[in-house]
Amino acid sequence: MGNLVSHSEFHPAEGLFYGSVPYVMHTRFDVVMMSSAKETAEIVWEDICTELERLWHMLDRFDPASEVSALNSGAALSPVRVSETMVEVLRLCAMYHERTMGIFDVTKRDFSRVRLEGDNVSFSAPDTFLDLGGFAKGYAVRKVRDLLSRAGIEDAYVDFGGSTILGMGHHPFGDSWKVSLQNPFSGEPIGEFSLRDSTLSTSGNTPEYAGHIINPRTGAKIAGKIASTVMSPDPLDAEVLSTVWLVAGAQQRQEVRKNFPDMIASVYEL
Amino acid sequence: MGVATGGALLATSPWLNASARKKGGELSGEKARIGMIGTGSRGQYNLDLLLHIPHAQVVALCDNYEPNLQTAAALVPGAKLYRDYHKLLEDKDIDGVVISTPLNWHAPMVLDAIAAGKNVYCEKAMARTMEQCKAIYDAYRQTDKVVYFCMQRMFDEKYAKGIQMLQNGELGDIVGMRCHWFRNADWRREVPSPELERKINWRLYKESSGGLMTELGCHQLEVCNWVAGKLPVKVQGVGDIVHWKDGREVYDSVNVIYSFSDGVKINYESLISNKFNGMEDQILGTKGTIDLARGIYWLEDDHTQSGIRQLLEQVKDKAFAAVPSAGPSWRPETKTGHIPHSVIQGDIHVNGGQSMIGAANDGSDKIMSAYCRSVITGEKSPNVVEEAYCATILCLLANEAMEGQKIVEFPEEYKIPYMKF
């Protein structure tokens, strides 16, 4: 296994494997998988850790050695050749940009400055930076889901930092995985969701961390005690749209909703 | 212990105040003309700071140990040289002095400098005895000159920000403090000739030194007072010479407990024959712990973890209920295994406390710069002398407790209006 610090435990009586990484992508990652085969669970857990570490070191703009940092420091000067994964990431970013009428924008300013030709990326203007903060965890959870499926795990609960939670299949004693949303300011539960092959993503301000969500059209920070949730069969849709929901106006939300008919979104005044 | 109110803490944080009032007091090319009293290792460290401060000019140097005087003189060509500090104090071309001498010399020099109408900056601790501290405090209250003691943590950004976090209640109620300073070094300096032993190794002898408490503990106790917004009411402790049995008189191992009126305690420990634990200023809150010396905090509860744990318990109990773990938390609110969180973003310097002389960027540069500015503007820096007084008295009380093997209550005669208990 790579350099991530991780913890795992197998509970044979329950056929349950629990794995956790206390620090990855600036938050924590937990997974509970239902599997009576310890070895199967251990192997997929190792694959999950490897994948999380790979994506972290690719997508973290705070890591000067990451691929996204190479783009941020060089792509405005001359084209930068990127990995296959980064090509996929940027294509997805472009797709979401289009399908959210420009509200989802990893440049937080003007996504049209990002040019992708083959596996070469260039920025058409200086002061262009990619921030994949509202994308990376959803993307990672999608990859984790695929790893679990491929390993034949049907029932699993994946929690990435509390803000992206995937329920695959169901709880051993229920028909889904139930999760409640906590108000970060009061600690009170303010909503309950049943996840069955779906992901809940939450965005918003917390007492410790406010003003990190920016409307790319106005440059204004989203202020105040506000949070949004999006539940979707696709982890990445959920991740992207929960941020979009905070930024979008009522009219825009209606438009976006047309492009994502499977999702359920809410906004909370905290 | 509750958390002190915003006003009180801001008032004891000149670093924050200094940034707030920066605009009003631009200096117009004036320089503070400084005379240095004491040019040994710490004096040379201070000299280096001064040579990098644009509004300071070192005009005179004084030391009664010729090799140190000559070393400093080589760095400041043109500075007047003195062997007797009284003569330096008569020099009309000096606006302020910087005193870096053995602890027993602080009181006579500070008092003489104030009497001579000089502005004064003196190394910590304040003085060798409580009587001397009180005399300095009284003289400071009388003079219109500025007086500073090197309480550099008050000017260290990571302390100011960490204390702001405590003030915001982010770590809950303060329930304890653990400060320690560990080194593995004998504190001894080479002596060219035996009659210079007490002069050069002044830290090792009670006549000239309060030992680990005044040399190291002083800074950390100041932080505790700053955090608490009040002083402990009593102290007990044990001190010994455990390892460096080389004829020294001061302890090389101290364990001291200070108690506040509400029962919160400071556990202070210093040992200089093992460096494993380094230097830390830990403040323990009901919700978390912060080490102010490193600018790192740890939270007690991990809510994500507890949500998952609930899920595991549910499965064991064959129960099905909602897991309370969803919420907007891109930033880690908490982490398992007490993974540290950094308090401070940006250019922060943490030192391991192993140098006998001083560390880079530990606030010493800022407090020295603030002093030189004060020399020019005449503006006093709030609370620096008071904090130095409080911290030094606490150090000396610990020595009294250890030497007398008794619990010492804070003496009435050394209370000043600034203190809260």
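Helices, in the sense used here, are DSSP runs of H or I with at least four residues, and strands are runs of E with at least two, both numbered from the N terminus. By this reckoning chain B comes to 13 helices and 16 strands. The model on display is predicted.

**Stop 1: chain B as a whole**

Select chain B and display its surface. About 17,000 Å² is accessible, and 49% of this belongs to carbon and sulfur atoms. Of the 421 residues in the chain, buried ones make up 57%. Consider next the contacts in chain B between residues at least 6 apart in sequence: 72% of them join residues at least 24 apart.

**Stop 2: the parallel sheet of chain B**

Switch to a cartoon and locate the open sheet of six strands, which follow the order β3-β2-β1-β4-β5-β6 in chain B with parallel pairing. Select residues 80–82 and 147–149 of chain B to find β3 and β6 at the edges; each has a single partner strand, so one side of each is left without a neighbour in the sheet. Viewed with direction ignored, neighbouring strands of this sheet are turned by 25 degrees against each other on average.

Now select residues 96–99 and 119–122 of chain B. These are β4 and β5, paired in the parallel sense over four bridges. Within the pair, Ile99(B) stands opposite Cys122(B) of β5(B).

**Stop 3: cysteines of chain B**

Keep Cys122(B) in view and add Cys150(B). What is the distance between the sulfur of Cys150(B) and the closest cysteine sulfur? The separation is 9.4 Å, to Cys122(B), which is too far for a bond. Cys150(B) itself is buried, with a relative accessible area of 0%.

Move on to Cys218(B) and Cys395(B). The closest cysteine sulfur to that of Cys218(B) lies in Cys395(B), 4.3 Å away. A disulfide requires the two sulfur atoms to be within 2.5 Å, and the Cys218(B) sulfur is too far from its closest counterpart for a bond. Cys218(B) is likewise buried, at a relative accessible area of 0%. Over all chains, the structure holds zero disulfides.

**Stop 4: chain A as a whole**

Hide chain B and select chain A, which contains six helices and 13 strands. Its exposed surface is about 11,300 Å², with 49% supplied by carbon and sulfur atoms. Buried residues account for 57% of the 270 residues of chain A. Among contacts in chain A with a separation of 6 or more, 56% are between residues 24 or more positions apart.

**Stop 5: two hairpins around β2 of chain A**

Select residues 7–11 of chain A for β1, then β2(A); the two run antiparallel and are joined by five bridges. Here Glu9(A) stands opposite Tyr18(A) in β2(A). The two strands form a hairpin with four residues between them, and Gly15(A) in the turn has a positive phi of about 60 degrees.

Extend the selection to residues 27–34 of chain A, which form β3. This strand pairs with β2(A) in the antiparallel sense over seven bridges. The bridge partner of Phe17(A) in β3(A) is Met33(A). In this second hairpin, two residues lie between the strands, and Met25(A) takes a positive phi near 50 degrees.

Finally, select residues 16–24 of chain A and colour by accessibility. Is β2(A) buried or exposed? Eight of its nine residues are buried, so β2(A) is largely enclosed by the rest of the structure.

Terms used
Residues are numbered from 1 along each chain as its sequence is written. Chains are lettered from A and ligands numbered from 1 in the order in which they are written. This is a predicted model: local features need pLDDT of at least 70, side-chain atom pairs count only at pLDDT 80 or more; totals for chains, interfaces and linings use all residues. Side-chain values use heavy atoms; hydrogens and water are left out. Two strands pair if DSSP finds at least two bridges between them. Axes are lines fitted to C-alpha atoms, for helices over the stretch in contact, and angles run from 0 to 180 degrees between N-to-C directions. Buried means under 20% relative accessible area, exposed over 50%, partly exposed in between (1.4 Å probe, protein chains only). Contact means heavy atoms within 4.5 Å. Accessible areas come from the Shrake-Rupley method with a 1.4 Å probe; for residues, only the protein chains shown count as cover.
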